[in-house]
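Student: Could you walk me through one part of this model closely, the sheet and what lies against it? I'd like one connected account with the cut-offs spelled out.

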Amino acid sequence: MALARLLFVTGKGGTGKSTVAAAVAHALSLERPTLLADLDPRLSAAAMLLGAPLSGAAPVRVAANLEVIALNARAELEAFMRRIVPVAAISRRMLKSRTFGYVTAALPGLEAFLMLERLRIMAGDAALEDRRVVVDGPASGTALELLSVARGVKGIAPAGALNRIAHSVESFLRDPERFGVILTVTPEELAIREALELAAALREHLGIATVAAVMNRVPTPLFSRAELDALKPLPAHRHLAERREHTRAAARRARRVFSHAGIRMLDLAMLYRPTMSRAEVEELGVTLAAEMPTL
Amino acid sequence: MKRLDLGAIRLAICLGPGGVGKTTISAALALGAAVSGRSVDVMTVDPAPRLLDALGLNARVSEPHDVDLRGVRAAARDGDEPDGGKTSARGRLRAMRLEPRETFDAIVRRHAPSPAAAEAIIAGRIYRSLAGAFAGVADYMAMEKLLELTAEPATEFIVLDTPPASEAIDFLDAPRRLLALLDSRAVSLLAPRPGRFSGGVVDMAARAVLAAFDRVTGLKLLGDVQAFVKNFEGMYEGFAERARRAAAMLRAESTAAIVVTTAETGRIAQAGDFIAALGRADLRVHSVIVNRTMRELPDGLEIERAKMPAALKRKLRQNLTDYAALKTREAISFDALRAAMPSGATLLLAPELDHEPRTLSDLAQIGAQIHRA
């Protein structure tokens with residue numbers, strides 16, 4: 001089966017979502033044009049990692065095959081109004097109205113919902129031009145709320161334009177050719193559990209497929225069991241060596257747990273470097289690219 | 001190793017990006033203060049299941065719960081704690097979870113003119129969506145709960161773990177934003193006011209806009225908003241008064257805003273944003289705690305002196321070089337953080353444990369090891 005047109009990257013806070021999203025985007029861009037979309041325009045951490053501080057709504061080209069864009073909730077609302085209200089003067093007036101601002105601010109999920117609709121459109125456009133889209137999404141809890149929002153909208157708008165959009169958003173999210181989730185994890189129990197819970201919730205409640213779990217910061221192995229035992233005379237060094245091998249072992253165990261849950265796990269090696277910048281992200285991307293075709 | 005001194009602080013608010021261990025640090029600070037003899041309340045938001053267990057809370061109950069401190073006290077007495085390790089049997093620790101929805105319902109019931117009015121609000125569609133999902137509501141409710149806790153004179157120290165807001169200001173600004181919504185002239189003009197002529201240009205324009213929106217979207221916003229605003233009439237003053245008190249409490253001398261972060265590059269940038277936002281909101285940052293910092297690395301000379309095969313020594317050197325690179329990355333983060341520190345604030349480090357914290361004694365250990373950078 002082909003890899004989903006749009007890959008949505010999420011995971012527990014601190015697992016390196018932005019790094020992984022940027023590395024995945026770089027990996028895909030080695031083969032075809034790729035767009036990395038940042039859902040949090042204030043931070044745009046993924047964009048910064050690629051050396052492209054985003055300022056406006058326009059996409060920024062960071063490499064021949066790779067563009068980065070920041071999505072903005074307010075801009076989505078404005079685009080939506082222009083679409084559903086064909087008379088420009090009226091949609092402008094609605095947007096300018098303070099009442100409308102208050103009400104839409106209080107109407108939970110409307111902006112999040114429009115963001116999903118935007119992702120659906122982006123995936124459609126990308127399919128026409130054979131591009132791929134990678135989304136640097138929010139942390140697991142928020143991501144689940146975001147991806148569930150279409151159902152809520154159907155509840156409050158039983159008919160009309162929003163209801164129609166909610167239906168198309170839901171079928172987009174359920175279509176493994178168009179939408180897939182990449183979970184980021186680190187070799188820590190909590191992060192692994194949160195990823196498994198999120199994958200289960202996405203599958204069972206929303207019918208959303210998880211493409212893969214990316215295990216970030218996996219230490220490269222160095223010591224054998226016998227060597228660790230031989231380090232007894234140097235307890236501090238032994239402790240540091242064991243930490244490395246224990247973390248490595250935790251990542252290996254996680255692979256089995258994920259495979260049990262029907263999820264492929266890809267490793268990203270811990271880079272022992274004093275900086276984490278574009279060069280490192282691209283290095284991670286190259287190792288991911290080697291595993292991508294197997295997905 | 002200088003410790004964090006919160007002796008003059010009555011309210012500590014832990015703020016920071018998601019996933020940095022705010023709840024862990026909040027619980028560790030509260031536990032430390034309780035063991036040293038203070039009467040402490042800690043309110044957590046969305047804690048990891050294990051921390052819930054450690055604090056004796058469970059997933060369903062949001063009532064305050066007394067944490068059993070006997071084991072931690074005994075360990076602190078036995079341990080060698082040269083500075084700041086004094087224990088006292090007088091202290092107590094109460095832990096509780098914040099339930100935004102329950103808290104909101106309770107507030108509505110308290111402020112509503114009659115029980116029937118309260119139920120009408122709670123059953124309304126706008127309110128149901130507000131209380132469930134509007135991000136500001138969880139923040140506002142944390143503030144409300146704080147007012148309740150500070151009203152108890154027996155409580156000497158309160159630690160608040162904040163919701164994982166994307167921006168500190170979202171949390172601190174919550175009372176004002178909710179009031180702005182309730183008070184907005186435009187919204188209140190929509191409400192049908194019996195006995196008063198409520199026409200006028202603004203009113204008609206706002207109605208027209210909402211009606212048009214409803215027509216194309218299939219929503220029933222006009223009716224819902226009218227009902228919501230009408231139901232809230234008479235409650236506004238109660239809310240406004242609470243919001244004013246919350247704002248004063250946040251800026252009191254005895255309140256400490258504590259920014260929690262980890263040393264990862266992205267998190268440091270976010271922590272810098274938090275610090276700047278707190279400054280703009282006129283709030284003093286008491287300290288910044290970097291959680292899960294690396295411990296001191298072992299001495300490389302030990303490798304050279306040891307009697308071991310050369311191949312193993314090479315691996316040990318490699319391992320040390322690898323972790324030294326990560327330590328350098330961390331030091332670069334500390335420097336960036338120092339540059340963002342507001343005047344008068346202290347930079348503190350909370351060294352990582354070997355495992356994820358899961359027991360009270362883990363929390364006690366984390367608290368005891370927090371020290372100045």
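Tutor: Let's start with A:Asp38, whose bridge partner in strand 5 of chain A is A:Asp136. Keep in mind that this is a predicted model, where local features need pLDDT of at least 70, side-chain atom pairs count only at pLDDT 80 or more, and totals for chains, interfaces and linings use all residues. Residues are numbered from 1 along each chain as its sequence is written, and chains are lettered from A and ligands numbered from 1 in the order in which they are written.

Strand 2 (residues 34–38) and strand 5 (residues 132–136) of chain A run parallel, joined by five bridges. Strands (E, at least two residues) and helices (H or I, at least four) are DSSP runs numbered from the N terminus, and two strands pair if DSSP finds at least two bridges between them.

Zooming out, chain A has an open sheet of eight strands with mixed pairing, in the order 3-4-2-5-1-6-7-8. Strand 3 (60–63) and strand 8 (265–269) of chain A each have a single partner strand, so one side of each lacks a neighbour in the sheet. On average, neighbouring strands of this sheet are turned by 25 degrees against each other, direction ignored. Helix 6 (residues 110–128) of chain A packs on the sheet, where it touches strands 1 (6–11), 2, 5 and 6 (179–185) of chain A. Its direction makes about 155 degrees with that of strand 5 of chain A; such angles run from 0 to 180 degrees between N-to-C directions of lines fitted to C-alpha atoms, for helices over the stretch in contact. Contact means C-beta atoms, placed from the backbone, within 7 Å.

Now for that edge strand 8 of chain A, which is where A:Ala269 sits. A:Ala269 counts as partly exposed because it has 14 C-beta neighbours inside 10 Å (20 or more would be buried, 12 or fewer exposed, in between partly exposed, with C-beta atoms placed from the backbone). Leaving aside neighbours within four places in sequence, A:Ala269 contacts A:Val218, A:Thr220 and A:Thr287. The C-alpha atoms of A:Ala269 and A:Thr220 are separated by 6.5 Å, though the two are 49 residues apart along the chain.

Strand 8 of chain A also helps cover the buried residues of helix 12 of chain A, as do helix 1 (17–29) and helix 2 (45–49). Those buried residues are A:Val281, A:Leu284, A:Gly285 and A:Leu288. They fall within an arc of 105 degrees seen down the axis, so they line one face of the helix; the arc is that of the directions from the helix axis to the C-beta atoms. The face turned away from that buried side carries exposed A:Ala279 and A:Ala290.

Technical notes
Two residues are in contact if their C-beta atoms, placed from the backbone, lie within 7 Å.
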